[in-house]
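Subject: Handing over the two-chain model

Hi,

Here is the structure I promised to pass on. Please open it first, then read my notes below.

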Amino acid sequence: MKIAVLSGKGGAGKTLTAVNLAAAAGQAVYIDCDVEEPNGRLFLKPQDVSATEVTTALPEFDPEKCTGCRTCVDFCRFHALVYIKDKPKVFAEVCHSCGGCSLVCPDQAVTEREKVIGRVETGHHGETRVVTGILNLGEASGVPVIQEALKEAEGQNVPVLIDCPPGSACPVVESISDADFCILVAEPTAFGFHNFCMVHELAALLGKPCGVVINKWEGLYEPLEEYCKEKKLPILLRIPYEERIAEIVSSGKILVEEVPEYRKIFQELLKKTGGGQA
Amino acid sequence: MRVILPVDEEKDVICVTFGRAPYFAVHDTETGTTEIKNNPASQVQGGAGLKAAQFVLDCQAEALITPRCGTNSAEVLQAADVKIYKSEGMGVSQNIEAFKEGKLSVLTHFHGGYQGIR
């Protein structure tokens with residue numbers, strides 16, 4: 001069972017929700033796909049960490065073999081290749097590593113070089129396996145790191161919690177593509193609601209069953225409540241806007257490990273998503 | 001020599017962006033003629049700056065006059081020895097005249113990309 005936790009807005013409570021679900025489940029896999037700023041590890045403090053590098057392919061052109069025919073440049077639909085002084089040149093941050101240029105080259109002048117763009121760290125927090133995708137600074141796309149991190153979700157018979165990046169763009173699509181259920185974390189503000197609608201639209205488009213967690217709850221925020229009612233979105237949990245919670249989170253602690261009642265609350269939440277264990 | 005400028009829908013007005021300008025004006029200083037060409041990069045999903053820079057090279061222009069230009073485009077143009085000048089005001093013919101009189105300054109500030117990255 002793969003459960004993705006997402007929210008359009010940053011700081012809505014994705015990591016809070018995903019980390020606490022994993023800790024409440026105990027035997028679980030937590031995968032941080034927010035590779036630009038993975039911070040689940042700040043709470044789960046994984047032990048026995050090992051790392052694997054993530055690479056992408058970048059074309060290189062053999063000046064001996066390249067005749068300057070320009071086939072590769074004209075083929076590249078991402079416009080990552082330019083033709084300067086009768087030779088192709090690649091712009092690494094625009095390249096999508098599709099390998100097309102090496103396929104179309106009539107002179108086998110293109111080889112692909114592996115370039116390190118980040119890493120995946122694995123460790124554990126008690127019985128919870130902790131997987132962290134980390135994109136190197138300055139890299140344009142985290143998608144390959146997310147794909148590599150999500151391989152750790154394969155063949156698991158324990159709940160897998162996928163902590164998604166914020167927004168509703170390619171990295172989020174990648175993160176939820178294999179999810180069985182999406183928890184949409186909403187902040188009950190105008191801004192939070194706007195971005196919440198965007199991620200819901202995305203998850204609905206991908207045909208994912210969804211449920212809502214409202215974080216920093218201080219009372220009914222009508223537009224959000226009405227939207228959920230209209231779209232038949234179940235509100236699974238309301239996490240109150242409380243100083244006690246803020247204190248625990250800001251000191252890097254895990255709510256369910258500090259407040260026993262929350263362990264029950266998050267176990268209940270897990271059950272509602274279909275990820276609870278028998 | 002040929003000099004190229006990004007132009008707007010009103011083809012005598014310089015476009016504020018380079019890569020996504022709808023048209024380019026290509027001026028030949030020998031014949032004194034100006035030709036308007038569609039910018040093949042104006043509607044592409046990504047890499048517009050690179051594709052537009054490629055178009056400049058394919059037009060065999062030796063100079064570009066533009067209000068702004070991104071770092072990727074600039075890298076391509078500089079590698080191909082295309083000079084980049086900063087436009088003054090919005091008139092196309094005025095800028096061509098200023099260029100011929102050597103009154104335009106070289107563009108030295110290039111911005112990071114706006115989009116085109118997946």
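Start with Asp8(B). Leaving aside neighbours within four places in sequence, Asp8(B) is in contact with Val13(B), Cys15(B) and Pro22(B). Contact here means that two C-beta atoms, placed from the backbone, lie within 7 Å.

Some ground rules. This is a predicted model, where local features need pLDDT of at least 70, side-chain atom pairs count only at pLDDT 80 or more, and totals for chains, interfaces and linings use all residues. Residues are numbered from 1 along each chain as its sequence is written, while chains are lettered from A and ligands numbered from 1 in the order in which they are written. Helices (H or I, at least four residues) and strands (E, at least two) are DSSP runs, numbered from the N terminus.

**Two loops in chain B**

Asp8(B) sits in the loop between β1 and β2 of chain B. Is Asp8(B) buried or exposed? Neither: Asp8(B) is partly exposed, with 16 other C-beta atoms within 10 Å. The cut-offs are 20 or more such atoms within 10 Å for buried, 12 or fewer for exposed, and partly exposed in between, with C-beta atoms placed from the backbone. The C-alpha atoms of Asp8(B) and Arg20(B) are 9.9 Å apart, with their positions 12 residues apart along the chain.

Met90(B) is in another loop, between β5 (83–86) and α3 (92–100) of chain B. Met90(B) is also partly exposed. Its count is 16 other C-beta atoms within 10 Å. Not counting residues up to four places away in sequence, Met90(B) touches Val13(B) and Ile14(B). Val13(B) is thus a name you will see for both loops, as Asp8(B) contacts Val13(B) as well. The C-alpha atoms of Met90(B) and Glu10(B) are separated by 11 Å, although the two are 80 residues apart along the chain.

**The sheet of chain B**

Chain B has an open sheet of 5 strands, in the order β3-β2-β1-β4-β5, with mixed pairing. Strands count as paired if DSSP finds at least two bridges between them. Strands of a sheet pair through backbone hydrogen bonds, either parallel or antiparallel. At the edges stand β3 (33–38) and β5 of chain B, each with a single partner strand, so one side of each has no neighbour in the sheet. From one strand to the next, the twist averages 25 degrees. Angles run from 0 to 180 degrees between N-to-C directions, and axes are lines fitted to C-alpha atoms, for helices over the stretch in contact.

β2(B) (residues 23–28) and β3(B) run antiparallel, joined by 6 bridges. Phe24(B) has Lys37(B) as its bridge partner in β3(B). Helix α3(B) packs on the sheet and touches β1 (2–7), β2, β4 and β5 of chain B. Its direction makes about 150 degrees with that of β1(B).

**Where the chains meet**

How many residues of chain B are in contact with chain A? There are 15 of them, and they contact 14 residues of chain A. Two elements of chain B, α1 and α2, give two or more residues to this side. α1(B) gives the most, with 5 residues.

Helix α2(B) (residues 71–79) has these buried residues: Asn72(B), Ser73(B), Ala74(B), Val76(B) and Leu77(B). They pack against β4 (81–84) of chain A, together with α1 (48–58), β4 (63–66) and β5 of chain B. After α2(B) comes Asp81(B), with a positive phi near 65 degrees.

**Chain A**

The domain assignment, automatic or from a database, gives chain A domain 1 (2–54 + 117–272) and domain 2 (63–108). Their C-alpha centres lie 39 Å apart.

Chain A also has an open sheet, of 9 strands, with mixed pairing. The order is β3-β6-β7-β2-β8-β1-β9-β10-β11. Its edge strands are β3 (47–61) and β11 (235–240), each with a single partner strand, so one side of each is left without a neighbour in the sheet. The twist averages 20 degrees from one strand to the next.

β1 (residues 2–6) and β8 (residues 160–163) of chain A pair in the parallel sense over 4 bridges. In β8(A), Leu161(A) is the bridge partner of Ile3(A). Helix α7 (residues 190–205) of chain A lies across β1, β9 (181–186) and β10 (210–217) of chain A, at about 170 degrees to β9(A).

Best wishes
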